[in-house]
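Trainee: Could we walk through this model together, loops and helices and all? I'd like to start with a loop and work from there.

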Amino acid sequence: MAFGEQPAYLRVAGDLRKKIVDGSLPPHTRLPSQARIRQEYGVSDTVALEARKVLMAEGLVEGRSGSGTYVRARPVPRRIARSGYRPETGATPFRQEQADAEARGTWESHSRQAEASASIASRLAIAPGDRVMCTQYVFRDAGEPIMLSTSWEPLAVTGRTPVMLPEEGPLGGMGVAERMAAIDIVVDNVTEEVGARPGLAEELAALGGVPGHVVLIIQRTFFASGRPVETADLVVPADRYRVSYHLPVR
């Protein structure tokens with residue numbers, strides 16, 4: 001194969017992808033059979049199969065048991081806001097969006113005490129095995145799951161305080177900065193790192209995705225005078241949502 005030349009299966013996948021994107025193969029249309037791909041492109045069965053696998057991994061097609069492979073309907077991406085602004089209520093970005101009269105958002109959460117794993121301990125600047133409050137969220141819009149979140153807070157910071165449980169007590173449901181202020185901790189910085197990876201089986205099951213779908217991972221950490229006081233992983237389906245940032249100008 002000459003330098004820069006694509007493998008045959010990628011060239012076939014690229015041509016089929018182009019037909020899907022330009023509408024030549026519209027949603028719900030059956031993808032050409034393996035025999036048809038082999039004949040049309042002059043490739044082997046192995047190449048035809050690998051090309052179909054590429055399109056499935058990209059989420060462009062889906063297999064239907066006993067029926068074949070079909071072009072998936074592509075959803076119009078919707079927006080999930082991430083904001084550096086906070087209203088006087090101290091609401092989180094999701095709650096800010098849901099303040100709109102047309103919003104139909106709900107969320108559920110569960111908190112439990114746990115031991116910090118090595119990776120979470122590193123993010124919180126604590127020792128592995130230190131106790132943390134772990135809270136898991138499922139955010140929905142009109143009943144559709146749109147985002148998962150898992151947060152960790154060191155119990156050395158919040159333990160035996162009114163804000164130990166993020167969604168309960170007098171400040172339940174408020175933002176991290178507002179909750180920490182109630183125990184005289186001033187949050188002065190927050191970082192968010194955005195990446196992408198294939199979704200885990202349990203994540204895709206909760207979000208209504210299919211194996212192979214990509215998710216966006218937002219790794220967020222709140223700091224008070226350089227000390228991490230909360231860290232979280234937010235998981236968003238990349239094929240259905242875009243993360244929109246609104247940051248204050250200083």
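Mentor: Sure. This is a predicted model, so keep that in mind throughout. Let's begin with Ala142, which sits in the loop between β5 (131-141) and β6 (144-154).

Trainee: What is the phi of Ala142, roughly?

Mentor: Ala142 is not a glycine, and yet its phi is positive. The residue is partly exposed, with a relative accessible area of 45%. As for phi, the value is about 50 degrees.

Trainee: Which residue in the loop between α1 and α2 has a positive phi?

Mentor: That loop holds a residue other than glycine with phi near 75 degrees. Its relative accessible area is 52%, and exposed means over 50%, so it counts as exposed. The residue in question is His28.

Trainee: Now the helices on either side of that loop. How is α1 oriented relative to α2?

Mentor: Two packed helices are described by the angle between their axes and the distance between the axes. Here α1 (8-22) and helix α2 (residues 34-41) have axes 12 Å apart, at an angle of about 105 degrees. Angles of 65 to 115 degrees count as roughly perpendicular. That's why α1 against α2 comes out as roughly perpendicular.

Trainee: How many of the residues in the contact of α1 with α2 are charged?

Mentor: On the α1 side you have Val12, Asp15, Leu16 and Lys19, and they meet Ile37, Glu40 and Tyr41 in α2. Four of the contact residues are nonpolar and none is polar. The charged ones number three.

Trainee: Which element gives the largest share of the largest nonpolar core?

Mentor: That core has 16 residues, and those with the most contacts inside it are Val12, Leu16, Ile20, Leu25, Ile37, Leu55 and Val61. Two elements give two or more residues to this core, α1 (8-22) and α3 (45-57). The largest share is five residues, and it comes from α3.

Trainee: And how many residues are in the other core, the one with Ile146 and Leu216?

Mentor: That one lies apart from the largest core. Ile146, Leu216, Ile218 and Leu234 are among its members. Its total is 12 residues.

Trainee: Let's go back to Leu25 for a second. Which proline does Leu25 contact, leaving aside neighbours within four places in sequence?

Mentor: Leu25 is one of the residues with the most contacts inside the largest core. Its contacts beyond those neighbours include Leu16, Lys19, Ile20, Leu31 and Val71. The proline among them is Pro32.

Trainee: Is Arg123 buried or exposed?

Mentor: Arg123 is found in helix α5 (residues 118-124). Its relative accessibility is 15%, and the cut-off for buried is under 20%, so Arg123 counts as buried.

Trainee: Which side chain does the side chain of Arg123 join through a polar contact of 2.9 Å?

Mentor: Leaving aside neighbours within four places, Arg123 is in contact with Trp152, Gln219, Arg220, Thr221, Pro228, Thr231, Ala232 and Asp233. Ala232 comes in through its backbone oxygen, 3.2 Å from a polar atom of the Arg123 side chain. The side-chain partner at 2.9 Å is Thr231.

Trainee: How far apart in space are Arg123 and Gln219, C-alpha to C-alpha?

Mentor: Along the sequence, these two are 96 residues apart. Even so, Gln219 is among the contacts of Arg123. Their C-alpha separation in space is 9.8 Å.

Trainee: Where is Arg220, which also contacts Arg123?

Mentor: Arg220 is buried, with a relative accessible area of 13%. Besides Arg123, its contacts include Arg82, Glu192, Glu230 and Thr231, not counting neighbours within four places in sequence. Its place is in strand β8 (residues 214-224).

Trainee: One more loop residue: how far apart are the C-alpha atoms of Gly172 and Pro162?

Mentor: Gly172 is found in the loop between α6 (155-158) and α7 (176-181), and at 32% relative accessibility it counts as partly exposed. Not counting residues up to four places away, Gly172 touches Pro166 and Glu167. Pro162 is 10 residues away along the chain, and the C-alpha separation is 9.2 Å.

Trainee: To finish, what percentage of the residues of the protein chain count as buried?

Mentor: The secondary structure of the chain comes to eight helices and 10 strands. Among contacts between residues at least 6 apart in sequence, 56% join residues at least 24 apart. Of the 250 residues, the buried share is 39%.

Conventions. Residues are numbered from 1 along each chain as its sequence is written. This is a predicted model: local features need pLDDT of at least 70, side-chain atom pairs count only at pLDDT 80 or more; totals for chains, interfaces and linings use all residues. Side-chain values use heavy atoms; hydrogens and water are left out. Helices (H or I, at least four residues) and strands (E, at least two) are DSSP runs, numbered from the N terminus. Buried means under 20% relative accessible area, exposed over 50%, partly exposed in between (1.4 Å probe, protein chains only). Contact means heavy atoms within 4.5 Å. A polar contact is a pair of N or O atoms within 3.5 Å; within protein, one must be able to donate a hydrogen and the other to accept it, and residues adjacent in sequence count only if both atoms are side-chain atoms. A nonpolar core is a set of buried Ala, Val, Leu, Ile, Met, Phe, Trp, Tyr and Cys residues joined through side-chain atoms within 4.5 Å. Axes are lines fitted to C-alpha atoms, for helices over the stretch in contact, and angles run from 0 to 180 degrees between N-to-C directions. Angles under 35 degrees count as roughly parallel, over 145 as roughly antiparallel, 65 to 115 as roughly perpendicular and the rest as oblique. Ala, Val, Leu, Ile, Met, Phe, Trp, Tyr, Cys and Pro count as nonpolar, Asp, Glu, Lys and Arg as charged, and the others, Gly among them, as polar.
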